[in-house]
Number of protein chains: 2
Amino acid sequence: MVTIKMIAKSCGFSVATVSKALNGAADVSAETAERIRKAASEMGYLPNAAARSLKTSRSYNFGVLFEDDANLGLTHRFFSHILNGFKHRAEELGYDISFISDRVGGADFSYTEHARYRNFDGIVIASVDYTDHAVVDLVNSGIPVVTVDYVFDNCGSVLSDNVGGVRDLVTYAYRMGHRRIAFVHGEDTAVTRHRVASFCRTCRELGLEQPEEYLVPAIYMDPQTAGVATAKLLELPKPPSCILYPDDISYIGGMNEIERRGLSIPGDISVMGYDGIDVSQMFHPKMTTLRQDADRMGELAAEELVKAVEEGRGYIPGRIVVPGKLLEGETVAKLKVES
Amino acid sequence: MVTIKMIAKSCGFSVATVSKALNGAADVSAETAERIRKAASEMGYLPNAAARSLKTSRSYNFGVLFEDDANLGLTHRFFSHILNGFKHRAEELGYDISFISDRVGGADFSYTEHARYRNFDGIVIASVDYTDHAVVDLVNSGIPVVTVDYVFDNCGSVLSDNVGGVRDLVTYAYRMGHRRIAFVHGEDTAVTRHRVASFCRTCRELGLEQPEEYLVPAIYMDPQTAGVATAKLLELPKPPSCILYPDDISYIGGMNEIERRGLSIPGDISVMGYDGIDVSQMFHPKMTTLRQDADRMGELAAEELVKAVEEGRGYIPGRIVVPGKLLEGETVAKLKVES
DNA sequence: CTATTTTTCGAAAACGTATTCGGAGGTATG
DNA sequence: CATACCTCCGAATACGTTTTCGAAAAATAG
């Protein structure tokens with residue numbers, strides 16, 4: 001391993017000068033800087049991240065916290081895209097990324113301890129139980145944090161436009177002539193509350209009736225409970241003409257229940273998904289859903305985190321809302337408006 | 001930040017003794033070790049990874065190289081599961097994981113340079129173009145490497161049992177009475193070659209006719225080309241009764257083409273997928289496919305990599321083949337055997 | 001030519017840790 | 001009682017880098 005010291009010896013300058021030359025300091029003449037850089041490159045010099053980090057207490061490394069109860073983790077469709085976007089943008093901006101876990105070297109560590117141990121410059125949190133004490137502790141650790149799809153008041157956040165998304169879907173169904181729209185929503189989370197609120201508000205503004213039975217809970221990404229919710233809706237005395245699901249996987253569960261009953265989509269009942277995962281656009285009938293721009297969200301999270309890190313104490317936490325895009329498929333029937 | 005030095009001052013021992021006590025060295029008495037540990041925990045001491053890494057030149061950090069031309073990267077179904085398994089097992093074994101990219105601090109670095117810069121103890125490579133010079137260079141860098149679904153002779157590897165998988169699928173179709181089986185395979189890679197070889201061999205062993213036209217190329221994960229390949233097969237004078245696709249996404253492309261022609265699955269034609277992604281088991285008809293145990297592969301890669309790292313020069317590269325599991329769905333018809 | 005400023009460089013200290021090696025004190029051995 | 005042997009601890013050094021501060025040399029000003 002070739003070090004700065006060896007370069008110094010090789011070109012007859014001091015360690016200090018070599019370091020400064022390599023870092024482009026102003027107080028080293030152009031020609032010596034050139035000579036040093038040339039020697040460094042010839043000798044195959046590579047800086048040592050550990051030494052640099054030790055000295056500067058900057059690691060140029062971001063920690064990523066991705067967990068979820070279902071242990072889908074990295075395989076989660078939506079969040080794997082977020083991670084993907086985050087990774088690419090962070091790399092462009094000069095940061096590496098590592099995962100934060102609650103184990104270090106085989107021993108139990110809190111997330112915060114892990115982050116301190118590795119000296120992460122910043123942290124992105126997504127897909128976790130935000131009520132978890134360990135997560136809250138991390139948010140309040142003083143290390144710059146950006147959260148995805150959740151807001152803490154002392155750190156930046158990137159949010160999918162859930163309010164706009166649900167509004168757009170409901171409005172779309174309305175324009176297609178639907179007046180009885182139901183919402184199978186996910187379990188109680190901040191995202192769900194936003195969506196439900198938007199759903200209710202949009203219905204009200206459009207003058208739609210919204211019986212309580214049209215709001216049915218299910219579990220995100222779980223076809224099973226979505227099927228049960230669908231059954232409940234279909235057996236209503238006045239069933240909806242259109243059902244909005246919390247995600248595209250739940251949609252599949254609903255679809256199966258619908259077809260099991262001999263009903264057809266969209267002939268007998270219209271349906272809409274959420275997320276816009278790849279397969280949603282491959283199957284027939286093509287799914288009407290709302291694509292969340294998860295890659296973009298990840299990129300913005302990286303940019304926001306760099307801002308938080310580099311602006312230091314002067315940083316004002318940003319709330320970035322990323323709009324989605326309605327993918328018009330073939331699962332919502334055009335109805336003649338009743339009466 | 002509380003350091004070893006502060007603990008030393010606080011309990012009246014030397015820095016050396018504190019370090020040794022915290023690392024469980026033998027030459028410190030039980031009671032002083034206890035006193036030191038207690039003080040450390042009370043003061044909220046955390047080791048400094050950078051200092052430790054600098055001193056020991058061990059980072060307890062694994063580098064992960066995940067890239068692919070389609071830029072699916074982390075969102076790739078199969079590989080996101082591999083990463084997931086790898087991550088969990090590596091964390092259990094005491095290692096953190098970071099991504100390797102070809103940029104460091106905003107400048108261009110080769111993968112090898114990046115790995116050296118961060119002083120990764122080991123590296124796992126998956127989902128890359130293995131002919132890429134930069135990848136080959138990394139493999140030969142001297143840093144312990146484990147590859148997934150590819151074999152280099154100087155490093156360990158974890159392989160999905162593609163030979164067994166294809167054999168099982170073809171044999172299954174044969175048992176269901178099929179005698180004309182076609183294989184839509186992915187583009188030319190090591191995995192593809194193994195699969196094609198297994199396909200041909202199995203057909204031969206079963207005494208099946210295998211006209212050249214029954215081997216049709218497509219692109220992995222691309223419904224489009226799979227659809228074209230399917231069309232080609234269906235228009236054959238003697239079309240197959242069963243088609244095997246290279247993955248579940250391609251399967252969907254094939255299915256669409258089949259249904260577009262007014263044919264039904266499995267009434268008119270039988271189909272099989274590969275991978276066993278989650279949605280394959282949600283749709284109707286439920287897909288007959290081969291689930292690759294990608295999570296397990298990731299875990300085994302982590303274990304193998306730890307072995308490579310900790311056994312040092314004495315390490316003998318392992319070839320671990322992970323069997324998949326046939327998921328019997330409803331897409332392969334039971335045929336009466338002709339003649 | 002002197003005085004002042006600017007440019008260019010290096011010595012030294014520091015970041016937090018691990019490790020080697022020797023010494024002090026005690027205990028067993030003869 | 002002398003010797004050998006453990007047990008336990010600390011001083012010192014090193015890992016590779018950045019940064020401060022002062023000094024020497026060169027350039028400019030007066």
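In this predicted model, strand β1 (residues 61-66) of chain B pairs with β5(B) in the parallel sense over 5 bridges, and within that pairing B:F62 has B:G122 of β5(B) as its bridge partner. Strand β5(B) is also joined to strand β6 (residues 145-148) of chain B, with which it runs parallel, through 3 bridges, and here B:I125 stands opposite B:T147 of β6(B). Together with helix α7 (residues 133-139) of chain B, the strands β5(B) and β6(B) make a right-handed β-α-β unit.

Strand β5 of chain B, residues 122-126, is mostly covered, with 5 of its 5 residues buried. In a regular strand the side chains alternate between the two faces of the sheet. Both faces of β5(B) are covered, since the buried residues include B:G122, B:V124 and B:A126 on one side and B:I123 and B:I125 on the other.

Turning to the contact between the chains, 40 residues of chain A are in contact with 40 residues of chain B. On the side of chain A that touches chain B, two or more residues come from each of α4 (49-56), α5 (77-92), β2 (96-99), α6 (111-118) and α11 (248-260) of chain A, and the largest share, 7 residues, is given by α5(A).

DNA strand C is surrounded by 28 residues, of which A:S14, A:A16, A:T17, B:T3 and B:A16 are the closest. At least two residues of the surface near DNA strand C are supplied by each of α2 (15-22) and α4 of chain A, and by each of α1 (4-11), α2 (15-22) and α4 (49-56) of chain B.

The make-up of these two surfaces is as follows.

| Surface | Nonpolar | Polar | Charged |
|---|---|---|---|
| Side of chain A that touches chain B | 17 residues | 14 residues | 9 residues |
| Surface near DNA strand C | 13 residues | 9 residues | 6 residues |

Conventions. Residues are numbered from 1 along each chain as its sequence is written. Chains are lettered from A and ligands numbered from 1 in the order in which they are written. This is a predicted model: local features need pLDDT of at least 70, side-chain atom pairs count only at pLDDT 80 or more; totals for chains, interfaces and linings use all residues. Two residues are in contact if their C-beta atoms, placed from the backbone, lie within 7 Å. Helices (H or I, at least four residues) and strands (E, at least two) are DSSP runs, numbered from the N terminus. Ala, Val, Leu, Ile, Met, Phe, Trp, Tyr, Cys and Pro count as nonpolar, Asp, Glu, Lys and Arg as charged, and the others, Gly among them, as polar. A residue is near a molecule or strand if its C-beta atom, placed from the backbone, lies within 6 Å of it. A residue is buried if 20 or more other C-beta atoms lie within 10 Å of its own, exposed if 12 or fewer, and partly exposed in between; C-beta atoms are placed from the backbone. Two strands pair if DSSP finds at least two bridges between them. A crossover is right-handed if, with the strands pointing away from the viewer, the path from the first strand over the helix to the second runs clockwise.
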